[in-house]
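Hi everyone, thanks for making time this morning. Please have a look at the sequence and the structure on the screen, and I'll walk you through them.

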Amino acid sequence: MTVGGNNKKYIVLVDAIVPLVGELKKEFKYQPMYIHKAQDRLQHARAIMNDEHGNREPLFVAVHVRRTDYTGYLRSGGVTMTADINYYRHAVAWMLRKLTSDSESSHNIAFILASDDQVWCETKLLPEIQEEIQSFGNETNLGGSSVFYLGEKETPVVDLVMLSSCNHSIISYGTYGLWSALMVNGWTVVYDILLTLVKIKRQNEINTIFLHEDKPTCPKGVVTVIDGGRLCNKIFEYVSVWALSRSYGLVPYVPTLFVGVHVRRADYIGYLRSGGVTTAADINYYRHAVAWMLRKLTSDSASSHNIAFIIASDDDVWCKKKLLPEIKKEISLFGNQIKLGGSSVLYLGIKTTPVVDLVMLSSCNHSIIAYGTYGVWSALMANGWTVVYDMAVKNKPKAVKKMNVPMEFSKHLHKNAPREAGRSIVLEWGDVAQGLKGYPLTKDGPRIPSGS
């Protein structure tokens with residue numbers, strides 16, 4: 001199954017995922033910071049319910065309303081009847097009947113709404129759901145029922161965790177609502193586009209096509225995805241990779257950005273000191289460089305990646321004992337960002353194979369280097385960003401500027417660079433390339449003759 005709009009298609013292998021839902025919930029966990037925020041919203045609803053309907057254990061029913069661009073996308077595909085107020089009223093009525101008839105004890109029932117169209121929900125849908133609740137009346141096992149709009153368009157991750165934390169679900173279409181319903185253990189009411197009716201399913205009873213006896217054989221290999229779309233498009237793409245890997249014994253591969261980190265020490269530190277350089281690249285420099293790279297790569301990227309820092313050095317003992325633990329701390333402090341799948345640091349250098357190490361560092365997407373021709377060459381061979389130790393500022397605060405190349409040119413190209421970030425600098429290869437063509441470098445960059 002693929003979903004998407006504007007000619008974009010996103011992989012959603014629901015039939016592969018559903019048989020593994022139990023394992024999926026153990027494997028994929030929401031981050032505690034989002035869980036706490038989501039629980040705060042639900043506790044707010046719980047407190048209001050207790051005041052209005054008495055102190056009873058509430059059942060939360062998530063209601064996700066997908067509108068805006070998705071309605072147009074469905075119509076462009078020939079779907080003329082989309083989920084409207086009547087659908088949600090019918091779904092609420094069904095859920096009230098089901099939950100009061102199934103339960104042996106009295107509960108408060110809270111309908112929790114979130115949507116990409118808050119105005120429509122608050123002005124049109126909420127009054128209708130409130131009317132549906134009133135018309136249902138007071139049943140024996142219904143302590144009371146209310147509806148709340150608790151979604152916030154600016155916090156889609158918190159909204160998703162909140163909906164996933166409910167007991168039951170009402171959804172229409174789209175990956176966002178579908179994912180939240182998969183994370184819930186109870187009943188889900190789903191809008192059936194094909195029949196333009198309501199389809200009632202229990203998550204652990206969903207019929208699936210992608211099942212057991214007739215699985216095609218597949219040679220041992222790798223399964224991956226080029227991700228795209230918004231939050232839950234990405235989630236389903238990666239979960240589809242995970243599900244296929246479990247079903248067929250494939251190796252799941254998530255796109256990774258590699259950052260080569262070359263650490264030059266040994267005899268070079270003595271050489272620098274003999275030349276009057278008293279402050280060499282230390283742990284603080286590499287921590288700062290890693291933090292800058294994490295911020296840059298997560299802010300620049302439109303999609304989620306794993307980020308791997310690959311270290312090679314002429315001093316493997318110092319790197320493994322001193323530097324690796326500190327970089328791990330920096331990664332941990334950075335926390336889990338939306339566009340960061342995950343980040344790790346690996347020491348992969350082998351002192352006896354310097355040529356292999358050089359090729360490995362040159363094959364990375366980005367670079368962190370200190371000094372020396374070895375690191376400079378590997379950075380020149382990489383196409384991405386390079387953070388370079390700037391010896392010129394010595395004990396002054398560090399500076400990170402823009403892009404890709406050796407420190408020899410840093411003082412010329414970015415003499416007036418801001419120094420707020422630290423003792424490192426990043427330069428633009430295009431500027432340096434002009435300098436290498438023979439144009440004189442000035443404090444404002446290369447002076448290119450007119451007519452060139």
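Let's begin with confidence, since what you see is a predicted model. The average pLDDT of the protein chain is 75, and 70% of the residues score at least 70. Two stretches deserve some caution. One is residues 196–200, where pLDDT stays under 50 and the model has 17 contacts beyond four places in sequence. The other is residues 394–452, again with a pLDDT below 50; this stretch has 142 contacts in the model beyond near neighbours in sequence.

Now for the overall picture. How many helices and strands does the protein chain have? There are 16 helices and 18 strands. The chain has 452 residues, and 51% of them are buried. If we take the contacts between residues at least 6 apart in sequence, 69% of those join residues at least 24 apart. As for the outside, the accessible surface comes to about 22,400 Å², and carbon and sulfur atoms account for 53% of that.

Let's zoom in on one pair of helices. Two packed helices are described by the angle between their axes and the distance between the axes. Here I've picked helix 3, residues 32–53, and helix 7, residues 156–164. They pack at an angle of about 65 degrees, and their axes are 8 Å apart. Is the crossing left-handed or right-handed? For helix 3 and helix 7, it is right-handed. And which residues make the contact? Helix 3 brings Tyr34, Ile35, Lys37, Ala38, Arg41 and Leu42, while helix 7 brings Val157, Val158, Asp159, Val161 and Met162. Sorted by character, the residues of this contact are eight nonpolar and three charged, with no polar ones.

Finally, a couple of backbone details for you to find on the screen. As background, most residues other than glycine have a negative phi. Thr68 is not a glycine, yet its phi is positive, at about 40 degrees. You'll find Thr68 in helix 4, which covers residues 68–76. Is Thr68 buried or exposed? It is partly exposed, because its relative accessible area is 41%, in between the 20% limit for buried and the 50% limit for exposed.

Ala266 is another case: it is not a glycine either, and it has a positive phi of about 45 degrees. Ala266 sits in the loop between strand 11 (256–263) and helix 10 (267–274). With a relative accessibility of 45%, Ala266 also counts as partly exposed.

That's my tour, so thank you for listening!

Note on methods
Residues numbered from 1 in each chain as written. Predicted model: local features only at pLDDT ≥ 70, side-chain atom pairs only at ≥ 80, totals over all residues. Heavy atoms only, no water. Axes fitted to C-alpha atoms, helices over the stretch in contact; angles between N-to-C directions. Helix = DSSP H or I, 4+ residues; strand = E, 2+ residues; numbered from the N terminus. Left-handed = near helix turned anticlockwise from the far one by under 90°. Contact = heavy atoms within 4.5 Å. Nonpolar A, V, L, I, M, F, W, Y, C, P; charged D, E, K, R; others polar. Buried < 20%, exposed > 50% of the residue type's maximum accessible area, 1.4 Å probe, protein only. Areas by Shrake-Rupley, 256 points an atom, 1.4 Å probe, with all protein chains shown as cover. pLDDT = per-residue confidence, 0-100.
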